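Me: Please take one strand of this model and go through it closely. I would like to know what surrounds it and how its side chains are placed.

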Amino acid sequence: MNYLFAVLLMLFSVNSTDVTKTLDTATKEVTEVVLESNDQMKFNLSEIKVEAGTTVKLTLKHVGKLPKQVMGHNFVLLKKGVEMKDFAMTAMKAKDNDYIPESTDQIIANTALIGGGESTTIEFEAPEKGEYIFICSFPGHYALMNGKFIVE
Ligand code: CO
């Protein structure tokens with residue numbers, strides 16, 4: 001028993017430098033995601049996969065031409081357990097805040113609302129492993145503009 005413990009301890013000491021290096025790299029790792037949206041009220045991705053423990057750098061592009069007042073798009077990542085429809089209904093009423101309910105505790109991250117030809121980038125820490133939902137919270141868009149955000 002003691003012998004095994006000693007061996008384990010030794011192995012750990014020998015590898016400790018490498019372990020530290022790996023952890024440092026993992027902390028700094030960035031997963032880049034480019035998500036397009038258009039005048040047809042669609043995202044180009046129905047699924048986004050990122051690695052746990054990474055920083056997500058997400059760029060939302062609006063490749064259409066319509067202004068944000070009529071065809072605005074954003075990316076809103078919902079916390080687990082939040083009902084997409086309920087959130088969207090509440091978000092609809094938050095016009096003054098670009099359809100993000102003020103002081104909401106239901107979202108993990110969101111971009112600004114953009115119109116045709118615009119693009120916006122955000123960075124956030126990937127949440128814990130699991131499946132999440134992202135939507136565009138512009139009124140009436142969530143039914144067509146939603147997808148899975150998978151952390152693995
Ligand atoms: Co939209």
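Reply: What follows is a look at strand 6 and the contacts of one of its residues.

This is a predicted model, in which local features need pLDDT of at least 70 and side-chain atom pairs count only at pLDDT 80 or more, while totals for chains, interfaces and linings use all residues. Residues are numbered from 1 along each chain as its sequence is written, and side-chain values use heavy atoms, with hydrogens and water left out.

Strand 6 covers residues 119-125; helices (H or I, at least four residues) and strands (E, at least two) are DSSP runs, numbered from the N terminus. Its covered face consists of Thr120, Ile122 and Phe124, and its uncovered face of Ser119, Thr121, Glu123 and Glu125.

Strand 3 (residues 55-62) runs antiparallel to strand 6 and is joined to it by seven bridges; two strands pair if DSSP finds at least two bridges between them. Within this pairing, threonine 121 stands opposite threonine 59.

On the covered face, phenylalanine 124 counts as buried, at 8% relative accessibility (buried means under 20% relative accessible area, exposed over 50%, partly exposed in between; 1.4 Å probe, protein chains only). There are six aromatic pairs by the rule used here: rings of Phe, Tyr and Trp (its six-membered ring) pair if their centres lie within 6.5 Å, and planes under 30 degrees apart count as stacked, over 60 as edge-to-face and the rest as tilted. Phenylalanine 124 and phenylalanine 75 form a stacked pair, with 6.5 Å centre to centre and 25 degrees between the planes. Phenylalanine 75 lies in the loop between helix 2 (68-71) and strand 4 (76-78), so its pair with phenylalanine 124 in strand 6 ties together parts that are 49 residues apart in sequence. Phenylalanine 75 is also buried, at 0% relative accessibility. Both belong to one aromatic cluster, formed by Phe43, Phe75, Phe124, Phe134 and Phe149.
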